[in-house]
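Me: Please show the model, and then we can go through some of its side-chain contacts and ring pairs.

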Amino acid sequence: GLMWLQHGGNLRHTSEQNDGVSRYGWLMHDGENFGVQEIRDEGLVLRTEFVKQPGGEHGGDWSWRVTAKMEGKGPTPLLSLFFYVATDGQGTLRPVLENGTRLAAVAGTAEELGDFTLTFLPPTGEGGEGPKYASYNFLAAGVPGLHRLTDLVRHSLRESSVFSPPGRPRRRFFGVSSTGGLPGESPQGQLLLHQVTLEAPAVLEVTLE
């Protein structure tokens, strides 16, 4: 799944009719192999595209591209995209870290999927030029249930991370702390979350093999 946060705004996860997200919906979708969705949220345009390649015994591989851009004038707010994978009672997930801070991939096993690898590619510019400067945080936590994911992420955010692009002013932002959970609630499953903080426009890709 995907959550996002324009720093200075609210953490978004599910699009509710009354939460201020101005527009969202599928532009194209065949119900099975591909889809293109667009979400508009206070000047931010998020376009998500997926394509699936059938094969094997567990439904095949897929890739997912998220394009973020801002509309209108004014200063560009920092944007955090939170890509996550969670289990609910079955399956195991193992983080694959790069430089100790970037969740590069998740290696997992689940009854329905067998063994799988979910890979988070580094962000690029909108035209494919790259790489794009970004800050990374990750979260590994037990979850009491999938309905508590938003609360868990909100609980783990700390305004102690610093975005410091070369030759530009440093900015503080809310980043997830690396481990955490909801106090007093016993975990039923596992959450691994990859937070990418950057300035739009940017393109991010995720693959599942």
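**Contacts and ring pairs**

Thr67 touches Val45, Leu46, Arg47, Glu49, Glu126, Ala202 and Val203, leaving aside residues up to four places away in sequence; contact means heavy atoms within 4.5 Å. This is a predicted model, in which local features need pLDDT of at least 70, side-chain atom pairs count only at pLDDT 80 or more, and totals for chains, interfaces and linings use all residues. Residues are numbered from 1 along each chain as its sequence is written, and side-chain values use heavy atoms, without hydrogens and water.

Me: Is Thr67 buried or exposed?

Reply: Buried means under 20% relative accessible area, exposed over 50%, and partly exposed in between (1.4 Å probe, protein chains only). Thr67 has a relative accessible area of 12%, so Thr67 is buried.

Me: Which kind of pair do the rings of Tyr133 and Phe163 form?

Reply: Rings of Phe, Tyr and Trp (its six-membered ring) pair if their centres lie within 6.5 Å; planes under 30 degrees apart count as stacked, over 60 as edge-to-face and the rest as tilted. The centres of Tyr133 and Phe163 are 5.1 Å apart and the planes are at 70°, so the pair is edge-to-face.

Me: Which of the three classes of burial applies to Tyr133?

Reply: Phe163 is buried, with a relative accessible area of 1%. Tyr133 has a relative accessible area of 33%, so Tyr133 is partly exposed.

Me: How many aromatic pairs does a search of the whole structure find?

Reply: Ring pairs link Trp64, Phe83 and Phe120 into a cluster. For the whole structure, the search gives a number of aromatic pairs equal to 4.
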